[in-house]
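Got your viewer open? Load the model shown here, and we'll walk through it one selection at a time.

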Amino acid sequence: MTAPGGEPTAPGGEPPVRALCVAMPALNEEKLIGQSLQALAGQRHQDFTLVVVDNGSTDATRSIVADFARLHPAMDIRLLREPQKGTGAAADTGMRFGALNGARWLARTDSDCLPAADWTLRIMEAFDDGLEMIAGQLNPRLDEGLARNSRWLMLLAVEVASFFGRIRPGNKGEGYLGPYQMLPGCNMAITAELYLRSGGFPRTSIEELHEDRALSNRVRKLTRSYALRRNVVVFGSSRRVQAWGLPNTLAWYADHRFRPDHVDIR
């Protein structure tokens, strides 16, 4: 639900969201979103609100989420719509919904991902340690037919990308309080206060801008209290790697040097 001024608001009569709010953008994810919901239902730390933001799905995504919510009444699941297409726009809607409706801490994953069973628990531990923004460890899913060597190559590629992110000119400049931290959009968390103060995810499409990198650079100008926590684990889909190959996928995520005709791989 969206207020006239463009800010997401809770529907009338619904309680405030819980202290931890998890945002999950979704677009035509009927094949995988059920598994993502099951992974969140199995979290060891269950005290969170899940905000699924439908970004214009034309398949059964919305009905799968609604059915799941009915079958899991103990979970606090909210289903919103965001008509402006883009992962940045949808993620920002979910995060702001939490921040403006009572959440102290925000996290994000994606609807093709499987958070580890202790994902929310480890996030809360990192906040207890004083971090204001957390980057998690992104591992390839184990159920998509990738050979072991391919999975290791993907993990190595993430480490290489993180290293080059620290030295690339686009991530340097005046005003930064700390080094660049690669921030996987599907595995991150941030305090609600810092999210709003930083401006949050830019409301863009992934073809325009990688919203996770933009948020990381915004935060670096406000605080040094951010870090990678490798025990905050999400297993992400490798479908872009399988469709484009690893070199093209890395070029896409680096700076859109590879520009495919179709980016919404399903």
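## Stop one: a buried glutamate

Select Glu82 to begin: with a relative accessible area of 7%, Glu82 is buried. Keep in mind as you click around that this is a predicted model.

Now add Arg203 to your selection. Which kind of contact do the side chains of Glu82 and Arg203 make? They meet in a salt bridge, 2.8 Å from N to O. Glu82 sits in the loop between β3 and α3 (87–99), while Arg203 sits in the loop between α6 (192–198) and α7 (211–220), so this pair ties together parts that are 121 residues apart in sequence. Unlike buried Glu82, Arg203 is partly exposed, at a relative accessible area of 31%.

In case you're wondering about the idea behind such pairs: side chains of opposite charge can pair when their charged atoms come close.

## Stop two: another pair, then a network

Next, select Asp118 and Arg122. These two form a salt bridge as well, and their closest N and O atoms are 3.0 Å apart. Is Asp118 buried or exposed? Asp118 is buried, with a relative accessible area of 16%, a value under the 20% cut-off for that label. Arg122, at 24% relative accessibility, counts as partly exposed.

Now go back to Glu82 and Arg203 and add Asp92 and Arg96. Salt bridges with shared partners join these four residues, Glu82, Asp92, Arg96 and Arg203, into one network. How many salt bridges does a search of the whole structure find? The search turns up 13.

## Stop three: helix α2

Select residues 61–71, which make up helix α2. Colour Thr61, Val65 and Phe68, because these are the buried residues of α2. They cover an arc of only 65° around the axis, which puts them on the same side of the helix. What do they pack against? Show β1 (20–26), α1 (33–41), β2 (49–54) and β3 (76–81): the buried residues of α2 pack against these elements.

Spin the view to the other side of α2, where Arg70 and Leu71 are exposed. Arg70 has a relative accessibility of 60%. Show its side chain together with that of Asp67: Arg70 and Asp67 form a salt bridge, with the closest N and O atoms 2.1 Å apart. The two are three residues apart in helix α2, so about one helical turn separates them. Asp67 counts as partly exposed, at 36% relative accessibility.

## Stop four: helix α1

Move on to α1 and pick out Ile33, Ser36, Leu37, Ala39 and Leu40, which are buried. Their arc around the axis is only 155°, which puts them on the same side of α1. What covers these buried residues? The cover includes β1, β2, α2, β5 (114–115) and α4 (119–128).

## Last stop: zoom out

Clear your selection and look at the chain as a whole. Its secondary structure comes to nine helices and eight strands. Of the 266 residues in the chain, 52% are buried. The chain exposes about 12,000 Å², and carbon and sulfur atoms supply 55% of that area.

One more thing to picture while you rotate the chain: take the contacts between residues at least 6 apart in sequence, and 80% of them join residues at least 24 apart.

Conventions: Residues numbered from 1 in each chain as written. Predicted model: local features only at pLDDT ≥ 70, side-chain atom pairs only at ≥ 80, totals over all residues. Heavy atoms only, no water. Buried < 20%, exposed > 50% of the residue type's maximum accessible area, 1.4 Å probe, protein only. Helix = DSSP H or I, 4+ residues; strand = E, 2+ residues; numbered from the N terminus. Arc of directions from axis to C-beta. Contact = heavy atoms within 4.5 Å. Areas by Shrake-Rupley, 256 points an atom, 1.4 Å probe, with all protein chains shown as cover.
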